[in-house]
Every structure is written in C-alpha cells, then in structure tokens.
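Please open the model in a viewer and keep the selection panel at hand. The tour proceeds by selections, each followed by a description of what is found there.

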Amino acid sequence: MISMKMMKKNLLLAVSFFVLATLFFVLREWNSNTGNTQNNDENEVKLINALEFDKLAKDEKTFVVDVHIPEQEHIPGTDAFIPYNEITNYSDRLPQDKNTPVLVYCRSGSMSREASLELQKMGYKTIYDLAGGINAYREANVRVVISPETFDLGTVIYGDVAETEFTLTNFTPKKLILTRTSTSCGCTSASVEKTSLEPYESTIVKVSFDPAVHKDDTDLGDITRTIYVNTDNPNFPTLEATITATVIKK
C-alpha cells in the first residue's frame with residue numbers, strides 16, 4: 001500500500017511538471033508573437049495623438065498629407081491633399097522613397113485610417129495616423145502660424161524681382177484681424193490677401209524681393225529679410241517669417 005507521504009510526493013512532482021510544461025509553452029508562444037510583431041513593425045501604421053503629430057510634422061524629413069473629402073482647411077505644413085479613396089491614383093504626389101515617414105490625417109480619423117492601410121499596402125514603411133483627426137489637433141494646438149518659417153529664394157540676379165508666398169493660418173477658435181504687415185528692409189515688400197480670418201481659416205502672404213531698390217551694392221551676397229504680420233490677438237501679437245537669397249550681378 002502506498003503511504004500518504006509517497007502520494008503527496010508524487011502529487012507534488014506532477015504539479016511541478018505541469019507548471020514547467022505550461023511555462024515552456026507560454027514562453028514559446030511569446031517568442032513567436034514577438035518575432036511576428038518585429039516583422040510587422042517594418043510596415044506598421046502607428047496611431048498617434050495631436051502633440052506627437054505636431055512634433056513629427058515639424059521634421060523636414062516627414063511628409064504630411066490631408067486625405068479628408070471634401071477638402072478642408074489644412075494643418076500648417078501640410079505637403080499634399082489627396083482624397084482618402086484615391087491614394088493609389090495619385091501616387092505621383094507621394095514621396096517616391098518608401099522609407100519617408102508619412103503623416104496622414106482627416107477630420108475625425110476614419111478616412112485617414114483607410115488611407116493609412118492603403119499606404120501600407122503600397123509599401124510605405126513608416127505611417128503615422130492622427131487619432132481624432134484635425135478636430136483633435138485643433139483642441140491641442142491653439143496658435144497663429146506662418147508657414148514655412150523660412151523660404152530660400154536661391155540665387156537672385158541683381159535687377160530681377162523674386163517672389164514667393166507664405167500661408168498664415170488662424171488656428172484658434174476666435175476671429176483674427178491682421179492689423180499690419182511690414183518687412184525689415186525696403187527691398188522687400190509683403191501683403192496679405194485677407195485681413196480678417198475666421199477660426200481655422202488661412203490666407204496667403206505674398207512677398208517680393210527687389211535687390212536693386214537701393215541702387216547700390218547693399219543687397220549683394222547672402223541676405224536674410226524678415227516679414228512681420230501684426231494681429232489683434234494678444235497671445236500672438238506679431239508673427240515672423242524670413243526669406244534668404246544669394247544676390248549676384250551678371
């Protein structure tokens with residue numbers, strides 16, 4: 001007859017074996033899943049919040065695309081507008097390098113999700129989808145901004161007039177009045193298309209640069225000029241943008 005002591009010993013061994021076997025299978029499954037996740041991370045859609053999106057959008061290496069239809073006022077710095085259901089038809093508007101990080105957004109997040117999955121199928125490696133869309137972005141980012149912050153006119157021939165445009169966006173829930181537009185030098189002029197902006201509305205700031213205005217050599221070489229736009233919003237009283245150029249004579 002098996003003693004009570006022997007029965008307890010056998011039971012303990014059986015339980016120990018069961019625990020070890022279970023632990024072995026759990027670890028094997030975990031390793032398997034970890035490997036699959038690493039593979040999927042190479043071509044993964046990452047859902048990010050408004051603050052993360054804003055930080056990434058400021059990186060010149062990223063590409064920002066608005067996919068909402070109908071077209072809406074874009075987040076400052078948006079590189080392209082492509083309808084979410086026509087991504088594959090407008091692949092020429094997207095970065096040719098599939099390693100370029102792509103930031104996608106719409107109004108609330110549903111259209112951008114579909115567009116992000118399509119970009120994933122197209123082979124883009126790093127895709128960021130803005131959770132909550134532009135609605136969430138507006139709540140997290142209250143500001144008035146000119147984009148780009150700096151524009152390089154490149155080489156300008158003395159006697160020629162170079163022109164460019166900036167976009168000024170009222171990313172606040174209140175109406176904005178642009179009270180004055182000025183520049184740091186008489187060789188540069190600036191004007192806005194609209195002086196009154198509704199919440200989340202944008203306008204164009206037209207800038208021209210004429211290095212021959214002073215009729216001397218003061219505007220030759222590498223130059224930087226600043227554009228100033230004053231507003232009635234006490235939190236954003238003055239906005240600035242700059243142009244750069246290299247002026248040469250023929």
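The stops below go from the whole chain to its sheets, helices, cores and cysteines.

**The whole chain**

Begin with the full chain in cartoon representation, bearing in mind that this is a predicted model. The protein chain contains four helices and 14 strands. Of its 250 residues, 38% count as buried. Among contacts between residues at least 6 apart in sequence, 67% join residues at least 24 apart.

**The parallel sheet**

Select β1, β2, β3, β4 and β5. These five strands form an open sheet in the order β1-β5-β4-β2-β3, and their pairing is parallel. β1 (44-48) and β3 (80-81) are the edge strands; each has a single partner strand, so one side of each lacks a neighbour in the sheet.

Now restrict the view to residues 44-48 and residues 126-130. The latter are strand β5, which runs parallel to β1 and is joined to it by five bridges. Which residue of β5 is the bridge partner of Lys46? The partner is Tyr128.

**Helices on the parallel sheet**

Keep the sheet displayed and add residues 50-57, helix α2. This helix lies across β1, β2 (63-66), β4 (102-105) and β5, and runs at about 135° to β4. Next add residues 110-121, helix α3. Helix α3 lies across β1, β4 and β5, at about 175° to β5.

Then add residues 133-140, helix α4, whose axis comes within 9 Å of that of α2 and crosses it at roughly 90°. The two helices, α2 and α4, are therefore roughly perpendicular to each other. To inspect the contact, show side chains for Ala50, Leu51, Phe53 and Asp54 on α2, and for Ala136, Tyr137 and Ala140 on α4.

**The antiparallel sheet**

Hide the previous selection and show β6, β8, β10 and β12. These four strands form an open sheet with antiparallel pairing, in the order β6-β8-β12-β10. Its edge strands are β6 and β10, each of which pairs on one side only. From one strand to the next, the twist averages 20°.

Within this sheet, five bridges join β10 to β12, and the two strands run antiparallel. To see one such position, select Ala190 and its bridge partner in β12, Val207.

**Around β13**

Next, select β9, β13 and β14. β9 and β13 run antiparallel and are joined by five bridges; here Arg180 stands opposite Asn230 of β13. How many bridges join β13 to β14? There are 10, and these strands also run antiparallel. Tyr228 has Glu240 of β14 as its bridge partner. Together β13 and β14 form a hairpin, with six residues between them.

**The largest nonpolar core**

Show the side chains of Phe166, Leu168, Phe209 and Ile227. They are the residues with the most contacts inside the largest nonpolar core, which has 26 residues. The elements giving two or more residues to this core are β6 (143-147), β7 (150-157), β8 (162-171), β9 (176-183), β10 (188-192), β12 (202-209), β13 (221-231) and β14 (238-248). The largest share, five residues, comes from β14.

Centre the view on Ile227. Neighbours within four places in sequence aside, Ile227 is in contact with Phe166, Ser182, Thr183, Ala190, Val205, Val207, Leu239, Glu240, Ala241, Thr242 and Ile243. A second, separate core has 17 residues, among them Val45, Val102, Ala115 and Tyr124.

**The cysteine pair**

Finally, select Cys185 and Cys187. Why is there no bond between their sulfurs? The sulfur of Cys185 lies 3.3 Å from that of Cys187, its closest cysteine sulfur, which is too far for a bond; the cut-off for a disulfide is 2.5 Å. Cys187 is accordingly in no disulfide, and the structure as a whole holds zero disulfides.

Are these two residues buried or exposed? Cys185 is buried, with a relative accessible area of 18%, and Cys187, at 3% relative accessibility, also counts as buried. The cut-off for that class is under 20%.

Terms used: Residues are numbered from 1 along each chain as its sequence is written. This is a predicted model: local features need pLDDT of at least 70, side-chain atom pairs count only at pLDDT 80 or more; totals for chains, interfaces and linings use all residues. Side-chain values use heavy atoms; hydrogens and water are left out. A nonpolar core is a set of buried Ala, Val, Leu, Ile, Met, Phe, Trp, Tyr and Cys residues joined through side-chain atoms within 4.5 Å. Buried means under 20% relative accessible area, exposed over 50%, partly exposed in between (1.4 Å probe, protein chains only). Contact means heavy atoms within 4.5 Å. Two strands pair if DSSP finds at least two bridges between them. Axes are lines fitted to C-alpha atoms, for helices over the stretch in contact, and angles run from 0 to 180 degrees between N-to-C directions. Angles under 35 degrees count as roughly parallel, over 145 as roughly antiparallel, 65 to 115 as roughly perpendicular and the rest as oblique.
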